There are 2 protein chains.
Amino acid sequence: MKYPEALQLLIDQFRRYPGIGKKTAERYALFTLDRFQATDYDVFRDTLKRVQDEIKPCLQCGNLTDEERCYVCSDSNRDHSQLLVVEEAKDVLVIENAKTYKGLYHVLGGVIKPSAGIGPEEIRIKELLSRLKDPRHKEVILATNLSDEGETTALYIDYLLSKTDINVTRIAHGLPAGSDIAYADEITLLKALEGRKKINR
Amino acid sequence: MKYPEALQLLIDQFRRYPGIGKKTAERYALFTLDRFQATDYDVFRDTLKRVQDEIKPCLQCGNLTDEERCYVCSDSNRDHSQLLVVEEAKDVLVIENAKTYKGLYHVLGGVIKPSAGIGPEEIRIKELLSRLKDPRHKEVILATNLSDEGETTALYIDYLLSKTDINVTRIAHGLPAGSDIAYADEITLLKALEGRKKINR
């Protein structure tokens, strides 16, 4: 099967995305050809250019923004006493979508992973320590993932802050809503048991 | 949830594609931000520009190409006695992928659909008749879809060619490989029964 070169290149572009295989990439490329008017191509190209040029990390927390500070950091109504520490900017989006957390964020931009040469200096830990000089911040909530690297990073930050009077907490791990104990993995079950609580009555 | 404007626009671009919902579009947009280097953005933009500028219908058969004639029409080893008539250029891609058909194609660019104002003049039927003046073409295989419009279009072309000595055939419809009779729809079953054959023994 020989596609015209430009069409094959477009298929290759779509194949880079997670979960898009050969068939789906072909479908998207053909959909583009089929449905795009001249202006649609221009809009898609302009959008890629704008994303490339405009989107950058918030100078304060590392969240994605097109200004100096992201909309969370710029919002004086957010609770400045809490800093929720996450690995990646996309974690902020997920938490914001849930609309329950009212504090601020700190995006590390990765986790400590010595095997890949990523030490504490490679992620935004010193920026976190620097922010914590602001006396409004009272609590750091560690929301790194429940992986070896996420746990190591959380423990390391907890250690660094143990000498300060910042209140350090770790988000709870356990069985997610709608899950079935029969299908839970061992680590989740272990965390669910460790984190057990008395029932309020 | 407020995304930076350019990021929201990129999410909107991905949402246009079939089967991509809000969550998946967000995932692809974030993947772009996360993994794309400056050159990756340039390549994606250039690819869209090239697809827009270069890909056009083959002047002869209507298949997608970046030259005057597509690679099928330019291939002197293809069997010029057969013209397989399909609705869309993407049907050619599917048939070519199966690597069994060795003849030429004719892409109609649609089907007759009076309710949408699409008559025989709106699709490439006169181009088909014009091609059939070439005495090398002996057979027209109608491979429009098994829909009301596809059937109507096939019957119309069959009628037009009934006065010529072109051999007109319709591809077989019936139960697909790997399917289970218990789950077949009525039209497929009807076509499978109508098209029944004696077993060679």
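In the predicted model, Leu84(A) stands opposite Ile141(A), a residue of strand S5 of chain A. Leu84(A) also stands opposite Tyr105(A), which belongs to S4(A). Two strand pairings accompany these positions. Strand S3 (residues 79–86) of chain A pairs with S4(A) in the parallel sense, over 5 bridges. The pairing of S3(A) with strand S5 (residues 139–142) of chain A is likewise described as parallel and comprises 4 bridges.

These strands belong to an open sheet of 4 strands in chain A, ordered S4-S3-S5-S6 and paired in parallel. The edges of the sheet are formed by S4 and strand S6 (167–170) of chain A; each has a single partner strand, so one side of each is left without a neighbour in the sheet. On average, neighbouring strands of this sheet are turned by 25° against each other, with direction ignored.

Strand S4 (residues 103–107) of chain A has 4 buried residues out of 5, so the strand is largely enclosed by the rest of the structure. Between S3(A) and S4(A) the chain passes through helix H4 (residues 89–98) of chain A, and this β-α-β crossover is right-handed.

At strand S5 of chain A, the side chains alternate between two faces. Val140(A) and Leu142(A) point to one face and are buried, whereas Glu139(A) and Ile141(A) point to the other and are not buried. S5(A) pairs with S6(A) in the parallel sense, and 4 bridges are found between them. Within this pairing, Leu142(A) has Arg170(A) of S6(A) as its bridge partner. The chain goes from S5(A) to S6(A) by way of H6(A), in a β-α-β crossover that is right-handed. Helix H6 (residues 148–161) of chain A lies across S3, S5 and S6 of chain A, and runs at about 165° to S5(A).

Taken as a whole, chain A has 7 helices and 6 strands. Read from the N terminus, its elements follow the order α-α-α-β-β-β-α-β-α-β-α-β-α. The radius of gyration of chain A is 22 Å, whereas the globule rule gives 17 Å for 201 residues; the value is well over the rule, so the chain is more spread out than a compact globule. Along the principal axes, the C-alpha atoms of chain A fill a box of roughly 65 × 45 × 40 Å. Of the 201 residues in chain A, 25% are buried. Among contacts in chain A with a separation of 6 or more, 46% are between residues 24 or more positions apart.

The domain assignment divides chain A into domain 1 (5–54), domain 2 (79–170) and domain 3 (173–201). The C-alpha centres of domain 1 and domain 3 of chain A are 42 Å apart.

Chain B also contains an open sheet of 4 strands, with the order S4-S3-S5-S6 and parallel pairing. Its edge strands are strand S4 (103–107) and strand S6 (167–170) of chain B, each of which pairs on one side only. The average turn between neighbouring strands of this sheet is 25°, direction ignored. Strand S3 (residues 79–86) of chain B runs parallel to S4(B), and 5 bridges join the two. Val85(B) stands opposite His106(B) in S4(B). Helix H6 (residues 148–161) of chain B lies across S3, strand S5 (139–142) and S6 of chain B, at about 165° to S5(B).

The contact between the chains involves 37 residues from chain B and 37 residues from chain A. On the side of chain B that touches chain A, the elements giving two or more residues are helix H1 (5–15), helix H2 (22–35), helix H3 (38–54), strand S2 (64–65) and helix H4 (89–98) of chain B. H3(B) gives the most to this side, with 11 residues.

Thr47(B) is located in helix H3 of chain B. This residue has 23 other C-beta atoms within 10 Å; 20 or more are required for a residue to count as buried, so Thr47(B) is buried. When neighbours within four places in sequence are left aside, Thr47(B) is in contact with Ala6(A), Leu9(A), Leu10(A) and Gln13(A).

Conventions
Residues are numbered from 1 along each chain as its sequence is written. Chains are lettered from A and ligands numbered from 1 in the order in which they are written. This is a predicted model: local features need pLDDT of at least 70, side-chain atom pairs count only at pLDDT 80 or more; totals for chains, interfaces and linings use all residues. A residue is buried if 20 or more other C-beta atoms lie within 10 Å of its own, exposed if 12 or fewer, and partly exposed in between; C-beta atoms are placed from the backbone. Two strands pair if DSSP finds at least two bridges between them. A crossover is right-handed if, with the strands pointing away from the viewer, the path from the first strand over the helix to the second runs clockwise. The radius of gyration is taken over C-alpha atoms; the globule rule is 2.2 Å times the number of residues to the power 0.38. Two residues are in contact if their C-beta atoms, placed from the backbone, lie within 7 Å. Axes are lines fitted to C-alpha atoms, for helices over the stretch in contact, and angles run from 0 to 180 degrees between N-to-C directions. Domain bounds come from an automatic or database domain assignment.
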